[in-house]
Amino acid sequence: MLYEFRTYTTGPGKAPLLAKYSAEIGRPIRGDDHGKLEGYWLTEIGPLNQVMHLWSYNDMNHRAEVKAKLGTNAAWRNEYLTKAGPLIIRQDNRLMVPTKPLTKPETDGNIYEYRFYRCKVGKAKIFADAITAAMPVRERHSKNVCIWQTDTGQPNEVSHLWVYKDLNHRAKARAAAAADPDWQAFLKDGPDRLEEMHSTILMPWSHSPLK
């Protein structure tokens, strides 16, 4: 399985309009025939004026095939891109392979946190394997949605997606994890493996499968 996390940066205040066009125009045209939509969010804390959307494909060949097909879709080009395109000032993407399967939350009405870590050269797989193995400890306190190692876009990167009921739940869960001796044992190796740590709080939009 291959995942693609796309980040579109808009002008100030334009991200909700882009999300609206995606839900009302783009989604009905595209469906899941050109990659499966796993989640669609607006950034709330972290980089602002962004939408982030997560897609899954069977593999690189499947992605190339369906993207080429979408590029020839007249409705996509003429009805969606003509409206959405002018709102976007930057596009970034990551192609990622999971080290832990994507697990959808049992309930809706959540917030999400996307964390990506730049690892020291040669340490990404070591860290990805270690944090995946440590998930039973960390999930005592809150649920993980997926863990990935980036294949294309940013080398030496591991990222993970978390789900919380709200920001208060996040604060309590992270405090509990920080006090857990087993999680502390995992964290002690972080400085030897990581260069940077980044976090973005995400709010699901209406057409996001992950809500």
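Asn156 is partly exposed, at a relative accessible area of 28%; partly exposed here is the range between buried (under 20% relative accessible area) and exposed (over 50%), using a 1.4 Å probe and protein chains only. Asn156 sits in the loop that runs between strand S6 (143–152) and strand S7 (157–164). Helices (H or I, at least four residues) and strands (E, at least two) are DSSP runs, numbered from the N terminus. Though not a glycine, Asn156 has a positive phi of about 60°. Asn49 tells a similar story: its phi is near 60°, again a positive value in a residue other than glycine. Asn49 belongs to the loop between strand S2 (36–45) and S3, and with a relative accessible area of 27% it is partly exposed.

A word on what is being looked at: this is a predicted model, in which local features need pLDDT of at least 70 and side-chain atom pairs count only at pLDDT 80 or more, while totals for chains, interfaces and linings use all residues. Residues are numbered from 1 along each chain as its sequence is written, and side-chain values use heavy atoms, with hydrogens and water left out.

Stepping back to the whole protein, there are eight helices and eight strands. The radius of gyration is 18 Å, which agrees with the value near 17 Å for a compact globule of 211 residues; this radius is taken over C-alpha atoms, and the globule rule is 2.2 Å times the number of residues to the power 0.38. Taken along the principal axes, the C-alpha atoms fill a box of roughly 55 × 35 × 30 Å. Of the 211 residues, 46% are buried. Contact means heavy atoms within 4.5 Å, and of the contacts with a separation of 6 or more, 81% come from residues 24 or more positions apart.

The outside of the protein can be summed up too. Its accessible surface comes to about 10,400 Å², and carbon and sulfur atoms hold 53% of that; such areas come from the Shrake-Rupley method with a 1.4 Å probe, and for residues only the protein chains shown count as cover. As for charge, the mean positions of the 30 positive and 24 negative charges lie 2 Å apart. Lys and Arg count as positive and Asp and Glu as negative, leaving His and the chain ends uncounted, and each charge is placed at NZ of Lys, CZ of Arg, CG of Asp or CD of Glu.

Back to strand S7, which holds His160. With 2% relative accessibility, His160 counts as buried. Its side chain makes a polar contact with the side chain of Trp162 at 2.7 Å. A polar contact is a pair of N or O atoms within 3.5 Å; within protein, one must be able to donate a hydrogen and the other to accept it, and residues adjacent in sequence count only if both atoms are side-chain atoms. Setting aside neighbours within four places in sequence, His160 is also in contact with a list of residues including Glu113, Tyr114, Arg115, Asn144 and Trp148.

Ser56, in strand S3 (residues 50–57), is another buried residue, with a relative accessible area of 6%. The side chains of Ser56 and Glu38 make a polar contact at 2.7 Å. Not counting residues up to four places away in sequence, Ser56 touches Met1, Leu2, Tyr3, Gly35, Lys36 and Glu38.

Asp59 follows in the loop between S3 and helix H2 (60–71), where at 37% relative accessibility it is partly exposed. The side chain of Asp59 reaches the backbone nitrogen of His62 at 2.8 Å, and a polar atom of that same side chain lies 3.2 Å from the backbone nitrogen of Asn61. Asp59 and Tyr3 are 56 residues apart in sequence, with 8.6 Å between their C-alpha atoms.

Ala173, for its part, is 170 residues from Tyr3 in sequence and 27 Å away in space, C-alpha to C-alpha. Ala173 has its place in helix H6 (residues 167–178) and is buried, at a relative accessible area of 3%. Leaving out neighbours within four places in sequence, Ala173 is in contact with His141, Ser142 and Tyr164.

Last comes Asp189, in the loop between helix H7 (181–187) and helix H8 (190–193). Asp189 is partly exposed, with a relative accessible area of 26%. A gap of 9.7 Å separates the C-alpha atoms of Asp189 and Ala130, which are 59 residues apart along the chain.
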